[in-house]
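Open the model in your viewer and keep the selection panel at hand. The tour moves stop by stop: select, look, move on.

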Amino acid sequence: MDFEPKIVAFVCNWCTYAGADLAGTSRTKYATNVSIIRFPCTGRIDFMLLMKAFENGADGIIVSGCHPNDCHYTSGNFHARRRWIVFRSLLDFMGFDTDRITFSWVSAAEGTKWAGLVNEVTEKIREKGPFTEFKKLDYSILEKIENDVVTE
Amino acid sequence: MTSLQNKVTELFENGTINLLIGFKEAIHKLPVPCFIDNVSQVEQLIFTPSCKGNLSVYLHKTEVKQAKKVGILANLATLRAIVQLVSENQLGDIEKTVITLDAKGELVVFATMDELEAYVQANFPDLSEEDKKLLDQLNAMSRTERWQYWTEQFTACVKCYACRAVCPMCYCSSCTVEGNQPQWIKVSSQTTGNLEWHTMRAMHLGGRCINCGECGRICPVGIPVHMLTVKMNQDIEAEFGAKTGFSVKNGYALNSFKPGDKEQFIK
């Protein structure tokens with residue numbers, strides 16, 4: 001069976017969610033692999049939520065909100081941007097595959113951009129394959145311990 | 001009596017301090033923290049360059065705060081921690097007398113925060129050679145090699161949370177790892193949970209960590225956990241120009257923003 005990536009999208013209520021809504025009401029066709037989770041603001045999207053999404057089986061993540069200067073709460077996306085800059089760099093330093101998290105700004109009027117983004121990310125993750133690196137961590141350790149016992 | 005012991009006796013006698021957090025010699029001549037609340041105990045005090053512990057971790061404990069007038073023996077890392085704690089409004093309710101050893105081995109007693117700040121800024125240290133070497137090594141690795149390295153390190157983690165206990169910046173009265181509604185981080189020691197714990201620790205300390213390296217030094221299984229925050233601090237300094245433990249007017253880099261912050265990865 002072909003691999004169908006599971007994409008989780010963390011989006012803000014005011015821009016990207018409305019943009020995704022627009023894509024729907026305009027009958028734009030795009031990949032069905034994405035599950036959208038709506039947040040009040042990108043400033044609310046905690047890095048732990050992304051970690052938990054990966055732990056629970058996501059192959060890729062989209063994080064998206066209002067363009068800079070367009071935030072409903074004036075500065076939520078600016079705060080989020082700083083956090084993403086350091087979080088992404090920290091993940092990269094730990095060797096985490098940062099290509100699996102896509103950050104984007106999608107406004108309420110950009111239904112087509114949203115559809116394009118989802119298609120693009122789905123294709124990218126499809127090529128990369130399932131995200132086993134993270135999920136198999138605990139199992140590979142068990143295997144290793146078992147092997148250690150056998151060799152002893 | 002040494003000059004330190006004389007000085008501390010004087011401070012106790014003129015009522016400048018009620019409690020002193022210092023070092024005493026324990027088994028194998030290792031310096032361990034000690035708490036002194038009267039002159040008769042002053043004799044056990046030592047303060048040498050081998051006293052590397054960061055005693056500022058005790059400054060925001062309730063028992064210490066009750067003493068009101070607190071003296072502390074501080075190495076350079078501790079001084080930076082005190083500057084950072086003051087900038088985070090954590091030490092407002094105690095009067096602190098900070099004693100340090102300067103590069104020549106002379107005692108310096110700071111009367112005001114301004115003096116302390118000026119001393120820290122004049123003596124601001126660079127990363128240690130060891131840390132620089134490890135950082136270069138890690139930066140030179142490919143992504144998969146780094147993943148291999150860190151997952152192997154985190155597999156060894158026993159979740160003792162010593163890195164949290166020893167950190168002067170980890171002063172929250174309740175920590176995310178203790179919450180179980182929801183259970184963010186697995187209680188047991190598993191690689192995924194350990195990785196999440198160390199990511200979370202680094203994220204919560206990014207832009208606040210003062211690079212004292214105590215977490216890496218204290219780790220019972222020898223994980224260089226401090227490298228995560230070292231790396232984050234480097235990024236934050238490069239991207240946002242914020243330097244931790246440098247000034248009492250330091251803002252928290254992740255609690256502020258500039259509309260012109262630059263990044264390359266947001267589509």
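Which residue takes a positive phi just after α4(A)? Select A:G129: its phi is about 90°. Keep in mind that this is a predicted model.

**Stop 1: helix α4 of chain A**

Step back from A:G129 and select residues 111-128 of chain A, helix α4. The end C-alpha atoms of α4(A) are 26 Å apart. That agrees with expectation, because 18 residues at 1.5 Å a residue should span 26 Å.

Now colour the buried positions of α4(A): A:G111, A:W114, A:A115, A:L117, A:V118, A:V121, A:T122 and A:I125. Look down the axis of α4(A). The buried residues fall within an arc of 160°, so they line one face of the helix. Turn to the other side of α4(A), where A:E123 and A:E127 are exposed.

What do the buried residues of α4(A) pack against? Show four strands and a helix of chain A: β1 (7-12), β2 (34-39), β3 (60-65), β4 (101-105) and α1 (16-25).

**Stop 2: where chain A touches chain B**

Select the contact between the chains. Chain A brings 32 residues to the contact, and chain B brings 35. On the side of chain A that touches chain B, the elements giving two or more residues are α2 (47-55), α3 (76-93), β4, α5 (132-135) and α6 (137-151) of chain A. Highlight α3(A) here: it gives the most, with 12 residues. Then colour this side of chain A by class. You should find 18 nonpolar, 7 polar and 7 charged residues.

**Stop 3: the two domains of chain B**

Hide chain A. The domain assignment of chain B gives domain 1 (3-122) and domain 2 (129-255). Colour these two separately. Their C-alpha centres lie 26 Å apart. Across the boundary in chain B, 16 residues of domain 1 are in contact with 16 residues of domain 2.

Which elements of domain 1 of chain B each supply at least two residues of the side that touches domain 2 of chain B? Select α3 (76-87) and α4 (113-122) of chain B. The most comes from α3(B), with 8 residues. By class, this side of domain 1 of chain B divides into 7 nonpolar, 7 polar and 2 charged residues.

**Stop 4: strand β1 of chain B**

Select residues 19-25 of chain B, strand β1. Of its 7 residues, 5 are buried, so β1(B) is largely enclosed by the rest of the structure.

Next, show the pairing partners of β1(B):

- β4(B), residues 69-74, pairs with β1(B) in the parallel sense over 3 bridges. Here B:I21 stands opposite B:I72.
- β2(B), residues 31-36, pairs with β1(B) in the antiparallel sense over 6 bridges. Here the bridge partner of B:F23 is B:P33.
- β3(B), residues 45-46, pairs with β1(B) in the antiparallel sense over 2 bridges. Here the bridge partner of B:F23 is B:I46.

Follow the chain through the hairpin of β1(B) and β2(B). There are 5 residues between the strands, and B:H28 takes a positive phi near 60°.

**Stop 5: B:E13**

From B:F23, draw a C-alpha to C-alpha distance to B:E13. The two are 10 residues apart in sequence and 20 Å apart in space. B:E13 sits in helix α1 (residues 3-13) of chain B. Is B:E13 buried or exposed? B:E13 counts as exposed, because it has 9 C-beta neighbours inside 10 Å, and the cut-off for exposed is 12 or fewer.

Key
Residues numbered from 1 in each chain as written. Chains lettered and ligands numbered in written order. Predicted model: local features only at pLDDT ≥ 70, side-chain atom pairs only at ≥ 80, totals over all residues. Expected span 1.5 Å × (residues − 1). Buried ≥ 20, exposed ≤ 12 C-beta atoms within 10 Å, placed from the backbone. Arc of directions from axis to C-beta. Contact = placed C-beta atoms within 7 Å. Nonpolar A, V, L, I, M, F, W, Y, C, P; charged D, E, K, R; others polar. Domains from an automatic or database assignment. Pairing = 2+ DSSP bridges.
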